[in-house]
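The following exercises ask the reader to examine a structure step by step. Each task is followed by a worked solution.

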Amino acid sequence: MRAPVPQSLILLVMAMSPASLPAAESPGDDLQLWYEEPATHFTQSLPLGNGRLGAMVFGGVSEERIVLNENTLWSGSRQEADRPDAHQCLAEIRRLLLAGENIKAQALVLGAFTCAGAGSGQGGGANVPYGCYQVLGNLWLRFGEGGEVSEYRRELDLSEAVARVSYERDGVTYERECFVSAPDQVIAIRLMASQQGKLSFTVALDRPERSKTEVSGPGEVLMIGRLNNGTDGNGMRYAARLRVLAKGGSVSREGASLRVEGANEVVLLIAAATDYDGLAGRHTPDPVAASLADMDHAARRSWRELRQRHVADYWRYFDRVSLTLDDGSPKSAEAAKLPTNRRLVALKEGGSDPALMALYFQFGRYLLISSSRPGGLPANLQGLWAEEVQTPWNGDYHLDINVQMNYWPAEVTNLSDLHQPMLKLIGWLQEPGERTARSYYDASGWVAHVITNVWGFTSPGEHASWGATCSGSAWLCEHLWEHYAFTLDKQYLAWAYPIMQASAQFYLDMLIEEPKHHWLVTAPSNSPENSYRLPNGEVGQICLGPTMDNQILRELFGNCIRASEVLGIDEDFRAKLVATRARLAPNQIGKYGQLQEWLEDYDEPEQHHRHVSHLYGLYPYYEITPTGTPSLARAARVSLERRGDAGTGWSLAWKANFWARLGEGNRAAKLLRDLLNPTGDMGFNYAGGGSGSYANLFCAHPPFQIDGNFGGCASIAEMLLQSHNGEVHLLPALPEAWPTGQVKGLRARGDYTVDMVWEDGKLRKATVRGGRGGTCKVRYGEEVVEVRMRRGGAVRVDGALSALSPLRG
């Protein structure tokens with residue numbers, strides 16, 4: 001649903017300094033996930049993180065479990081996974097594809113054009129060189145049995161990034177508070193009781209394997225170990241250190257654990273480190289010494305100081321955006337009072353709860369702040385939270401949508417600086433990707449395929465059916481350009497452009513001409529993880545020039561062209577890109593009126609497949625738009641209808657973004673409701689199924705994958721603000737379910753920041769602030785107004801006034 005056009009728009013060009021602009025409002029009360037019972041599963045527990053260290057708080061009464069993570073803790077090791085002579089069979093693979101012998105070509109790819117060795121271990125790579133992101137360990141607090149528990153509450157406060165547990169037992173009120181500090185690099189927990197001397201418990205660290213735990217000093221436990229590198233077993237070393245700081249009572253040793261008896265208040269600090277020395281992180285060669293240095297540094301500070309420093313650090317990110325959604329319904333107001341797990345169920349059963357959507361949006365931003373910080377590793381398939389030794393799909397970086405989706409909210413939700421770990425990963429992959437380009441394609445430039453890890457894996461995957469997708473690196477390069485598009489930082493672009501240019505050079509070298517239309521296409525490739533049916537009934541995956549590849553290369557080449565113009569360099573290379581881009585296979589409309597997924601109009605064995613890769617040109621790219629390419633937009637709509645709304649968690653999030661780009665807010669909102677389908681044990685005799693959200697709002701693929709959280713967050717922003725068409729488009733896909741609301745701090749391409757207020761489905765006022773100034777086009781509905789802003793100036797849109805009259809400040 002498009003927002004109605006007001007009778008008038010008045011644009012006020014104001015000579016305001018950034019300091020004089022209204023600041024984002026403080027978050028409202030509805031920024032808490034809360035529950036009336038302890039967690040019994042990982043996907044009920046509450047996530048905390050500082051970008052490197054993570055904790056999952058269960059909130060148990062007799063026994064508390066807190067899962068611990070350190071985001072560089074990987075098994076595996078650097079390896080040579082390329083087949084150095086793979087390019088020798090490339091000509092034959094291409095000959096077969098050009099002759100229509102796809103199945104024979106696929107057999108050759110499987111035999112000679114996959115990675116060397118075990119690859120990702122089919123997603124189970126913990127004990128092969130590819131490796132796996134793994135749990136650091138568990139913190140256990142064992143309080144013992146007691147009387148009946150009442151007034152139980154467990155909560156995660158998004159406004160402070162603090163988890164709390166409180167309850168009454170035997171006439172005593174117990175409280176626990178936990179956060180993960182970035183300034184002080186520790187997990188911090190405080191236990192309190194309403195009566196003196198009532199805190200007694202045993203505290204221990206453990207891990208499922210490859211660990212040794214000991215009491216290393218007064219009030220301190222040390223856990224150390226070494227993971228499997230996939231060859232000789234001597235992989236990454238790690239250390240986790242616990243220190244108990246008690247007021248009153250005593251702390252004594254019980255084997256490898258500590259016993260706290262009769263304390264008034266207890267602070268627990270946990271520090272951890274690994275000896276990972278790769279893409280990012282702290283590069284600490286001695287994890288034991290590093291963990292001790294962190295611990296000593298933090299232990300010198302009071303609880304109050306630790307907490308204040310943590311909240312101030314977190315708040316400088318979180319405070320940039322506020323969002324309120326309301327429909328004025330008494331039922332919605334009542335739903336907002338429910339515990340979070342019960343809100344999910346109430347929504348599933350037909351209730352309305354716009355505030356839950358706002359909470360989900362802010363939860364996505366919270367997760368990015370907690371799992372991706374400058375100088376660290378990017379958020380992986382589970383952000384940084386995992387409880388296993390064999391994390392699903394290795395907890396790695398999938399390059400055919402998943403890691404990219406993790407960062408879809410980064411720019412638009414005003415967390416641009418948290419994009420840095422992803423951008424650094426892209427640059428870091430260039431060197432191994434150059435070797436892969438030579439080995440498989442005898443090409444210059446660099447390439448990465450479908451999966452990568454902290455060891456720099458860029459080879460094709462281990463199976464032809466999915467591992468030959470060759471556009472992963474080109475898709476990554478979209479993020480390099482988008483960061484510039486939002487910030488207009490030319491110094492950054494000067495760093496990013498050579499990476500983009502080298503990626504484009506690879507595709508210039510590897511493209512071939514198909515004989516029917518003389519288009520240039522990739523070969524061999526896949527349409528990610530999907531299959532086609534040939535006219536003879538055979539099913540295959542290896543193909544020439546799938547639609548997504550063509551769209552991504554048009555985007556990559558176009559971005560390189562624009563970047564070289566901005567920087568005033570590479571005129572000859574730019575001309576080559578312009579000529580080649582014009583020869584790429586175009587988007588095609590198939591026999592059902594759908595956008596074709598492949599070069600040929602193949603049928604699909606699985607019509608409702610989770611991937612919708614051929615709509616990349618609709619989102620995140622924007623070569624398909626309702627106004628610019630209406631026939632292709634209609635074909636994209638047909639493709640979405642044929643795929644259906646059902647899908648995995650991240651697939652639902654992607655579809656919500658598609659519908660937002662088509663301007664259909666009601667359909668996007670329906671997909672968001674589907675994304676909040678309660679899945680798994682909700683904790684109160686309700687168990688849901690399928691994809692959606694777990695009790696703690698983690699996205700259920702299933703299993704847990706965090707990409708859907710980020711994609712859902714981005715889709716909410718996309719419904720409220722779009723800027724891909726060279727315009728700042730206000731409320732482009734506002735659904736009927738959110739008739740009233742306000743948002744402050746969203747970002748638009750061109751270095752603009754946007755605040756909006758709407759009522760009864762109509763825009764009431766908005767402010768567009770320009771960091772670098774220049775010409776700004778503002779759209780609302782069908783009306784577009786172009787204004788010139790000076791650096792640091794702002795444009796005010798007021799839909800309540802009755803005449804259109806540009807004014808000058």
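**Exercise 1. Locate Asn414, describe its backbone, and decide whether it is buried or exposed.**

Step 1. Asn414 is found in the loop between helix 9 (408-412) and helix 10 (420-428); helices (H or I, at least four residues) and strands (E, at least two) are DSSP runs, numbered from the N terminus.
Step 2. Although Asn414 is not a glycine, its phi is positive, at about 70°.
Step 3. The relative accessible area of Asn414 is 15%, so the residue is buried. Buried means under 20% relative accessible area, exposed over 50%, and partly exposed in between (1.4 Å probe, protein chains only).

Two remarks on the model apply to every exercise. This is a predicted model, in which local features need pLDDT of at least 70 and side-chain atom pairs count only at pLDDT 80 or more, while totals for chains, interfaces and linings use all residues. Residues are numbered from 1 along each chain as its sequence is written, and side-chain values use heavy atoms, with hydrogens and water left out.

**Exercise 2. Carry out the analysis of Exercise 1 for Asp170.**

Step 1. Asp170 is placed in the loop between strand 8 and strand 9.
Step 2. Its phi is near 55°, a positive value in a residue other than glycine.
Step 3. Asp170 has 57% relative accessibility and therefore counts as exposed.

**Exercise 3. Describe the salt bridges of Arg164 and the network to which Arg164 belongs.**

Step 1. Side chains of opposite charge can pair when their charged atoms come close. Here, a salt bridge is a side-chain nitrogen of Lys or Arg within 4 Å of a carboxyl oxygen of Asp or Glu. This rule gives a count of 55 salt bridges.
Step 2. Arg164 forms a salt bridge with Asp157, and the closest N and O atoms are 3.5 Å apart. Asp157 and Arg164 are both buried.
Step 3. Arg164 also meets Glu177 in a salt bridge, at 3.3 Å from N to O. This pair links distant parts of the chain: Arg164 belongs to strand 8 (residues 162-169) and Glu177 to strand 9 (residues 172-181), 13 residues apart. Glu177 is buried, as is Arg164.
Step 4. Salt bridges with shared partners join Arg153, Glu155, Asp157, Glu160, Arg164, Glu177 and Arg307 into one network.

**Exercise 4. Which parts of the chain does the salt bridge between Lys591 and Asp601 tie together?**

Step 1. The side chains of Lys591 and Asp601 form a salt bridge with an N to O distance of 3.8 Å.
Step 2. Both Lys591 and Asp601 lie in the loop between helix 16 (571-581) and helix 17 (630-643), so the pair ties together parts that are 10 residues apart in sequence.
Step 3. Lys591 is partly exposed, because its relative accessible area is 46%. Asp601, at 25% relative accessibility, also counts as partly exposed.

**Exercise 5. Determine the strand order and the edges of the open sheet of seven strands.**

Step 1. Strands of a sheet pair through backbone hydrogen bonds, either parallel or antiparallel. Two strands are taken to pair if DSSP finds at least two bridges between them.
Step 2. The order of the seven strands is 3-4-5-6-11-16-15, and the pairing is antiparallel.
Step 3. Strand 3 (46-49) and strand 15 (250-254) stand at the edges with a single partner strand each, so one side of each has no neighbour in the sheet.
Step 4. Strand 3 runs antiparallel to strand 4 (residues 53-57), and four bridges join them. Leu46 stands opposite Val57 in strand 4.

**Exercise 6. Repeat the analysis for the open sheet of nine strands.**

Step 1. The order is 2-7-8-9-10-17-14-13-12, with antiparallel pairing.
Step 2. Strand 2 (32-35) and strand 12 (212-217) are the edge strands, each pairing on one side only.
Step 3. Strand 14 (residues 237-247) pairs with strand 17 (residues 265-274) in the antiparallel sense over 10 bridges. The bridge partner of Tyr238 in strand 17 is Thr274.

**Exercise 7. Locate the cis peptide bonds that precede Pro620 and Pro703.**

Step 1. The bond from Tyr619 to Pro620 is cis, with omega near 15°. Pro620 is in the loop between helix 16 and helix 17.
Step 2. The bond from Pro702 to Pro703 is cis, with omega near 5°. Pro703 is in the loop between strand 28 (699-700) and helix 20 (707-720).
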